[in-house]
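User: Could you walk me through this structure in a few quick questions and answers?

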Amino acid sequence: MTTTPVAGRTTAVAARATELSKIYGQGETQVVALDRVSVEFRQAEFTAIMGPSGSGKSTLMHCVAGLDTFSSGSVRIGDTELGSLKDKQLTKLRRDKIGFIFQAFNLLPTLTALENITLPMDIAGRKPDQKWLDTVIEMVGLSGRLSHRPSQLSGGQQQRVAVARALASRPDIIFGDEPTGNLDSRSGAEVLGFLRNSVRELGQTVVMVTHDPVAAAYADRVIFLADGRIVDEVLDPTADSVLDLMKQFDAKGRTS
Amino acid sequence: MFRTALRNVLAHKARLAMTVLAVMLGVAFVSGTLVFTNTISEAYQNSSAKGFDQVDVAVTARHQDSAGDKVGTTPDLTQAILDTSAKADGAASAIGVVDGFTAIADKNGKLIGGGFRSEGGNYWGGKDPRYPLTSGSAPRGANQVAIDADTARRAGYKVGDTVRISVDGPVLTPTISAIFTTDDGNVAAGGSLALFDTATAQKLFGKAGTYDEIDVQAKAGTSQAALKSALDTALPQKTVETTTGKKLADDQAEQIASGMSGLKQGLLVFAGIALFVGTFIIANTFTMLVAQRTKELALLRAVGASRRQVTRSVLIEAFVVGTVAGVTGLVAGIGIGAGLRALMNGLGATVPDGPLVISPGTVVAALAVGVLITMLAAWLPGRRAAKIPPVAAMSSLHAKATTKSLVLRNTIGALFSAAGVAVVLAATTMDGSDGQAPMGLGAVLLIIGVFILTPLLSRPLIAAASPLLRGFGVAGKLARQNSVRNPRRTAATASALMIGLTLITGMTVMAGSLQQAIDKMAASAISADYMVSMANGNALSADVDKKLAAADGVTATSPLRNAASRIDGKTEFVTGVNGSVIGEMTDLAVKDGRFEVGGTNVVVDDDTATSHHWSAGSHFTAYFEDGKAQPLTVAAVYEGNALIRGIMLDDATLSPHQKKPADMQVLVKTAHGASSAAKDGLEKALGSNPAIKVQDKKDLSNSIAQVFTLILNMVYGLLAMAVIVAVLGVINTLAMSVFERSQEIGMLRAIGLDRKAVKRMVRLESLVISLFGGVLGIGLGVFFGWAAGQLLGTKMSTYELVVPWARMGLFLLLAAVVGVLAALWPARRAARLNMLAAIKSE
């Protein structure tokens, strides 16, 4: 099954995967992680990717984000085709066009919160846009803690730093890998709120992998993966509608 | 539990290899030093050992001590004494021994065997039991000589060849009549031995009709003691002494042992340092190893292993690693010991030959270091490992670095350092030899203190380097922060390099300063162009001076002729010089009077003048070996130094009192100054004699400095080891840091740090740590060099501190190279890190 274009939402595309396949191993031991997946992530849209473990949701995100290689098909970020890029160019692309939020926060313990936020720009050797930086910091509510080190911050605060880091360099697209997986529900809700605000108010594009229906409900659109294929899609989801769909898949999985 | 431990050892091959390598290096360092030490000391010991198989009782002349105005003399052992000895009750036969110095040249005219081991002697009669002939027949007359088999083999001589030899000046060209073997230790160690018939030997060695020793063999059934008492009755007690062969052997053993103690101590210090460095790297490695395994050990605890079991598993692992590494390290150490000797021989240092000595002590020490130290080193981290809460296994994060306060550690370190500095400073104010022990103690205290303090020092010192790192952008910034992240680990890593560089810098500073002091002394004391002397330090024959004086381009010569005299009831050695030219040959600071040597006028150095309460114009009387009195007047008091000191009087005044003049050196001044042509000319004038050294001032100071150069070379050899150890330590630390930070590195790669920058980050961290160790080591080394110089300075007026900046720069560069080299592999690993695995959420 492939995606059906969604009427009424045809804006510019931030990232696109076409006929994307990822196959591990050969012959008997061959494992198909992604099976000719085609998907578009539109600008200023918040997309959640869901699916059971081993469905290929993380692999899809890694391939589209330029973190992993793929076997066939094509991935485009903006106008750039990823398949033809060397490691160095890919690194540069991630640095300039993509923001990341990880489950384990992944902040550098030696840097302060502010230094962590500006790290991608430091790596690029660019000066951050101060006004934008202030806006982002204001939004995630970290103004008072900029000189703290990660060890002095709570998990929620650390993930807010990570969100700010992803937003600060104004990437074309932000990928989140279970960004609320290590957080309690309140902190998780905060972080998801920031992500949604960044989409609504700042026009940011966000793609997030999650298995939490509540988290998925913050998104504009949820894509469901199973066995390396996109099996369904929900627009303007609620936690209940996502949960229902998940139950369906679960039942199907058991009967088939 | 044993199986778990064993599995652990085997499960992580790379880690195992690293640990074994570290322990092995430590053990190799220790055992290599011990093998080298033992081999050298045994070789030296053997080189001075002589067999006493042929000697039941030795008859020697009884030295007549100086008394009153009489100079001490040694009576001659005449033919009559030999004949009497041979006829004594119980005596089977008696051999008259004559010995002296004989240099043998190889086919290219070069001296065989380095000079001080060129011996000569007599071949007794038609068949000398001491020297079995392998070919040819006993030497007869002035034109025949026998040489030892080793020398013959080395130089390619065979019976019938003509050989150039020299005894005390003139070159002789006898024919080789025989080649013999001997149990003489000197020959076994690489020296040479030339034998003449007895009459020729007596004549050549200036002992016409006399012997140096008479060896008497007992008849079968006569004991050494019985023969000794028979000889005591037969011989005049006043002039001779008798000693049994057994006592000679015992005395010799004792004498050698005491002579060796200095060398042994020196080498033991090296072994001690080796032990320290070895222990240290092993402890370091194990600490890291256990830290790496936090999670694994916590899991063991979580599934029910007791603390003791965890500790034991770590200890068992240490035991296995220690045993394997101890054995391989011992083997490597033996190789290093052998290599070190070859290296020293290659560098021109004269190390006597001999078998490689692997004593049981070495084996025990190597295995003890390997096994015990490894286990001891693993004990502390093992205990720490046991304390890991089982919950650590559940946490996805690696155990955080202990943030335990460094206050206690810093306090102890500061106390040690302060005590060390205080003791060293106090020692510098002491007199030469008194200060040695406190200085050594202070140095050890200070090194330990600094070692303990390194974590504290790491922050400010590395911060000082940050402006340099800023140029490298984010990679530089991250490298700096990473290097101060775990101060204990950084400190431990840097210490290996620090110790090596402290040692080498201290020695270099001292040797450089000494070399300059010696150069200055040679330059300031002597204005002659050349100094001619015997290679072995023996006296030259008087005609060397005459030959030199007659050589082309020579404007003036003066012998430095040694003679004993009694002055005011004390023995004083006086120097006979050519009074009319000695003023031009030397450049001595005159403290009092006018520098004039001639007739009864003599010059005296300040120390001698002080001890006799003389000043310019003082009169005194000297009694020489002929017993005659010689009135003398002090014309001037000059400032003495290591090359020239004592009483100098005119040759013409001294010679009439001497039976056989003994010129220790001859000073030569040439028309056009020192040049290689002039030197060649002088050597030719002396008949290209292999036994005579013609040295200009530079050669002179070099030969004096040779002993320091030798030690320095040895220390450089040790440094090479220390550097390897340091590289390993840095690799270990970095590999572990990379491992611990794999998540961070993955994140950095994900958000856009490219491989090059990741590599650069690791390399810079390594560089910073290495330079930190280098700076500490060089700083400490300069301090020790200065302090030791203060001690030496009390003995040497021209000594002043010379810091060889170029060398120091080189050492720092070396530290940097260590850093870069050590980072090669870890940096590669970091750059190749699987980004996805690193950031994957668990």
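Analyst: Sure, starting with a definition: a residue is buried if 20 or more other C-beta atoms lie within 10 Å of its own, exposed if 12 or fewer, and partly exposed in between, with C-beta atoms placed from the backbone. This is a predicted model, where local features need pLDDT of at least 70 and side-chain atom pairs count only at pLDDT 80 or more, while totals for chains, interfaces and linings use all residues. Residues are numbered from 1 along each chain as its sequence is written, and chains are lettered from A and ligands numbered from 1 in the order in which they are written.

User: What percentage of the residues in chain A is buried?
Analyst: Chain A has 256 residues. Along its principal axes, the C-alpha trace spans about 55 × 40 × 40 Å. The buried part of chain A comes to 45%.

User: What radius of gyration does chain A have?
Analyst: The radius is taken over C-alpha atoms, and the globule rule is 2.2 Å times the number of residues to the power 0.38. For 256 residues a compact globule would come out near 18 Å, and chain A agrees, with 18 Å.

User: Which element gives the largest share of the side of chain A that touches chain B?
Analyst: Contact here means C-beta atoms, placed from the backbone, within 7 Å. Chain A brings 25 residues to the contact and chain B brings 19 residues. On the chain A side, α2 (87-97) and α3 (113-124) each supply at least two residues; helices (H or I, at least four residues) and strands (E, at least two) are DSSP runs numbered from the N terminus. The largest share, six residues, is from α2(A).

User: Which strands are the edges of the open sheet β3-β14-β1-β15 in chain B?
Analyst: Strands pair if DSSP finds at least two bridges between them. The four strands of this sheet pair in the antiparallel sense, and β1 (residues 57-61) joins β14 (residues 213-218) through three bridges. Pairing on one side only, the edge strands of chain B are β3 (91-97) and β15 (240-244).

User: At what angle to β15(B) does helix α7 of chain B run?
Analyst: Axes are lines fitted to C-alpha atoms, for helices over the stretch in contact, and angles run from 0 to 180 degrees between N-to-C directions. Helix α7 (residues 224-234) of chain B lies across β1, β3, β14 and β15 of chain B. Its angle to β15(B) is about 170°.

User: Which residue stands opposite Met648(B)?
Analyst: Met648(B) is in strand β23 (residues 647-650) of chain B, where Met648(B) and Asp650(B) point one way, Ile647(B) and Leu649(B) the other, and all are buried. In a regular strand, side chains alternate between the two faces of the sheet. Strand β18 (residues 570-577) of chain B runs parallel to β23(B), with four bridges joining them. The residue opposite Met648(B) is Thr575(B).

User: Is Thr571(B) buried or exposed?
Analyst: Thr571(B) is found in strand β18 of chain B, and among its contacts beyond four places in sequence is Ser66(B). Because Thr571(B) has 12 C-beta neighbours inside 10 Å, it counts as exposed.

User: Where does the kink in α25(B) lie?
Analyst: Helix α25 (residues 805-832) of chain B has 28 residues and reaches 40 Å from its first C-alpha to its last. A bend is the angle between axes fitted to the seven residues ending at a residue and the seven starting there. The kink, about 45°, comes shortly before the proline Pro826(B), at Leu824(B).

Conventions
The expected span of a helix is 1.5 Å times one less than its number of residues. Two residues are in contact if their C-beta atoms, placed from the backbone, lie within 7 Å.
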